[in-house]
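Q: Hi! Could you walk me through this structure? I'd like to begin with the charged pairs and move on from there.

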Amino acid sequence: MSDRSSILLSIRPEIPSAKITDGMSENERFQNLTLRPILKLQNFMFVAVFKNYIAKHKNSFYELTLEKRLDFIENAIQKDIKFRNSLKGIVIGQFTLEEYEIYIKNSSSLNKRMMSMVVNRLKDQIQLFEQDVLV
């Protein structure tokens with residue numbers, strides 16, 4: 001294992017609930033061993049990137065109801081290809097070379113998992129996207 005791989009693996013948070021079992025599919029295993037820790041590690045980056053996305057879209061997000069805000073998050077990630085690719089890059093850049101080799105074998109399915117997890121993560125933290133109150 002390269003120094004880069006060792007360093008990347010050492011900084012990832014542990015997720016005790018991410019169980020690995022013998023009957024798990026390769027994609028499920030990759031999700032629990034790789035994607036979940038990376039998404040947790042990169043959480044602050046995802047929040048910052050989404051706040052910037054809101055600003056670039058003229059802060060229209062803040063005028064929406066809660067339900068519409070949740071839809072906005074989902075649509076931004078599903079329909080804005082450049083934004084989605086940027087989010088994928090934030091994750092893929094944290095892969096070890098060995099993980100990247102696994103990823104490229106089934107990137108389509110893993111991308112769907114990855115983006116679904118990012119959508120859920122942002123939706124679960126929607127309170128972080130409240131407009132800053134000026135005092």
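A: Happy to! Glu-99 and Arg-12 make a good start, as their side chains meet in a salt bridge with an N to O distance of 2.6 Å. Keep in mind that this is a predicted model.

Q: Where do Glu-99 and Arg-12 sit along the chain?
A: They come from distant parts of it, 87 residues apart. Glu-99 belongs to helix H6, while Arg-12 is in the loop between helix H1 (3–11) and H2.

Q: And are Glu-99 and Arg-12 buried or exposed?
A: Both of them are buried.

Q: How many salt bridges are there in total?
A: The count is 3. Another one joins Glu-130 to Arg-69, with the closest N and O atoms 3.0 Å apart. Glu-130 lies in the segment after H7 and Arg-69 in helix H4, and 61 residues separate them.

Q: Which burial class does Arg-69 fall into, and which one does Glu-130?
A: Arg-69 counts as buried because its relative accessibility is 9%, under the 20% cut-off. Glu-130 is partly exposed, with a relative accessible area of 44%.

Q: What about Lys-123 and Glu-74?
A: Their side chains also meet in a salt bridge, at 2.5 Å from N to O. Lys-123 is in helix H7 and Glu-74 in helix H4, so this pair ties together parts 49 residues apart in sequence. Lys-123 has 21% relative accessibility and counts as partly exposed. Glu-74 is partly exposed too, at 26%.

Q: Let's switch to the overall fold. How many helices and strands does the protein have?
A: There are 7 helices and 0 strands. The C-alpha trace spans about 50 × 30 × 30 Å along its principal axes.

Q: What share of the residues is buried?
A: Of the 135 residues, 38% count as buried. The accessible surface comes to about 8500 Å², and carbon and sulfur atoms hold 54% of that.

Q: And how much of the contact list is long-range, 24 or more positions apart?
A: Those pairs make up 69% of the contacts with a separation of 6 or more.

Q: Which residues have the most contacts inside the largest nonpolar core?
A: Phe-50, Phe-61, Ile-77 and Leu-87 do, in a core of 31 residues. The elements giving two or more residues to this core are helices H2 (26–41), H3 (43–56), H4 (66–79), H5 (81–92) and H7 (107–124). H7 supplies the largest share, with 7 residues.

Q: What does Leu-87 touch, apart from its neighbours within four places in sequence?
A: Leu-87 is in contact with Phe-46, Val-49, Ile-77, Met-115 and Val-118.

Q: Staying with H5, what can you say about Asn-85?
A: Asn-85 lies in that helix, and it counts as partly exposed because its relative accessibility is 39%. Asn-85 and Asn-111 are 26 residues apart in sequence, with their C-alpha atoms 9.8 Å apart in space.

Q: Last one: which residues form a nonpolar patch on the surface?
A: Leu-97, Tyr-100 and Ile-104 do, and together they have about 280 Å² of accessible area. Tyr-100 is in helix H6, which covers residues 97–105. At 35% relative accessibility, Tyr-100 counts as partly exposed.

Notes: Residues numbered from 1 in each chain as written. Predicted model: local features only at pLDDT ≥ 70, side-chain atom pairs only at ≥ 80, totals over all residues. Heavy atoms only, no water. Patch = residues over 30% accessible without salt bridge, like charges linked within 9 Å, V, L, I, M, F, W, Y side chains within 5 Å. Areas by Shrake-Rupley, 256 points an atom, 1.4 Å probe, with all protein chains shown as cover. Salt bridge = Lys/Arg side-chain N within 4 Å of Asp/Glu carboxyl O. Helix = DSSP H or I, 4+ residues; strand = E, 2+ residues; numbered from the N terminus. Buried < 20%, exposed > 50% of the residue type's maximum accessible area, 1.4 Å probe, protein only. Core = buried A, V, L, I, M, F, W, Y, C linked by side-chain atoms within 4.5 Å. Contact = heavy atoms within 4.5 Å.
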